[in-house]
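This report describes the surroundings of a bound ligand and one residue beside that ligand. The sequence and structure come first.

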Amino acid sequence: MPVFFITADHVQDDTVRIEGPLLHHLRSSLRCQVGEEVWLGDEAKQRYRVQIVDINRRVLSGRILQRQRMPSPTSPTLTIGQALLKGERMDWVIQKASELGAASLIPLVSRQVIARPPADRLVPQQQRWQRIALEAAQQAERWEVPVVHTTCEATEFFAGQPVHTVSLILTERGDGRSLASVALPSGPEGRVAIAVGPEGGWTKEERGNALHCGFTPVTLGTRILRAETATVVALAILQSRLGELG
Ligand code: SAM
């Protein structure tokens, strides 16, 4: 059963009260009944095993049977700068990156992005992708929800990485380093940022700009992967190297 995210203000001593969309989902979609148990997690990285005491169209009341604290993180945080992809592909890659442990997702506009969003679509688009990330994190039983930022220019992403971040740019047809051997930070204070291009790929200038900003070009081999495939493969390799995949 997924771990559903609530906020700490839903918890009062040993009881939980849930209203709004999560109540609707539990009551109408999952048909949860009195006596059943659900797992809830909050932004304070606390997790609660809750037995439903009452559920109606206005509120779910539950009794906390067990509390858990998030284990101390052992791995660096992963940030994905994903150039915008057409239609469902962007939804799909946000969902997969959320399942695979990305901490933040930044949609990027780059020169060869096919579908540039109009300014008035940026916020609704970010809200929709944030919901996708939330649902994926719940289903993956993650302790935290990845943060989906509003779309920004790739050049901003390249220039905006905090000091000491290991910044990698996935470059197709390039002479990049292998992701299997590039040096990674160890421990939870470390940060890794990965930039993935759009269907049309990076331009020479964008690659040069990224390198100028300290990004290391990285290859995933000679096959040209779809962008969304490249993101999943890169996250899988990184998370495996960081011991996050068992
Ligand atoms: N249109 C480009 C071309 O034909 O050269 C291909 C772009 S590819 C579909 C989209 C993005 O996925 C690339 O910009 C890169 O970030 C990533 N990617 C795909 N294959 C890759 C590979 N073998 N190594 C590294 N990155 C790759």
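In which strand is leucine 170 found? Leucine 170 belongs to strand 11, which covers residues 166-170. The model is a predicted one.

**Leucine 170**

With a relative accessibility of 7%, leucine 170 counts as buried, because buried means under 20%. Apart from neighbours within four places in sequence, leucine 170 is in contact with Ile194, Ala195, Val196, Trp202, Val218, Leu220, Ala230 and Ala234. Proline 71 lies 99 residues from leucine 170 along the chain, and 31 Å separates the C-alpha atoms of the two.

**The ligand shell**

There are 20 residues around the ligand, and those that come nearest are Leu170, Arg173, Leu220, Gly221 and Arg223. Sorted by class, the shell consists of ten nonpolar, six polar and four charged residues.

Backbone atoms of three residues pair with polar atoms of the ligand, as listed here.

| Residue | Protein atom | Ligand atom | Distance |
|---|---|---|---|
| Glycine 197 | backbone N or O | oxygen | 2.9 Å |
| Glutamate 199 | backbone N or O | nitrogen | 3.0 Å |
| Leucine 220 | polar backbone atom | nitrogen | 2.8 Å |

On its own, the ligand has 580 Å² of accessible area, and the protein covers 88% of that area. Two elements give two or more residues to the shell around the ligand: strand 14 (216-219) and helix 6 (227-241).

Leucine 220 thus appears twice around the ligand: among the residues that come nearest, and with a polar backbone atom 2.8 Å from a ligand nitrogen. Leucine 220 is also one of the contacts of leucine 170.

Definitions and conventions
Residues numbered from 1 in each chain as written. Predicted model: local features only at pLDDT ≥ 70, side-chain atom pairs only at ≥ 80, totals over all residues. Heavy atoms only, no water. Near = heavy atom within 4 Å. Polar contact = N/O pair within 3.5 Å; in protein donor to acceptor, adjacent residues only side chain to side chain. Areas by Shrake-Rupley, 256 points an atom, 1.4 Å probe, with all protein chains shown as cover. Helix = DSSP H or I, 4+ residues; strand = E, 2+ residues; numbered from the N terminus. Nonpolar A, V, L, I, M, F, W, Y, C, P; charged D, E, K, R; others polar. Buried < 20%, exposed > 50% of the residue type's maximum accessible area, 1.4 Å probe, protein only. Contact = heavy atoms within 4.5 Å.
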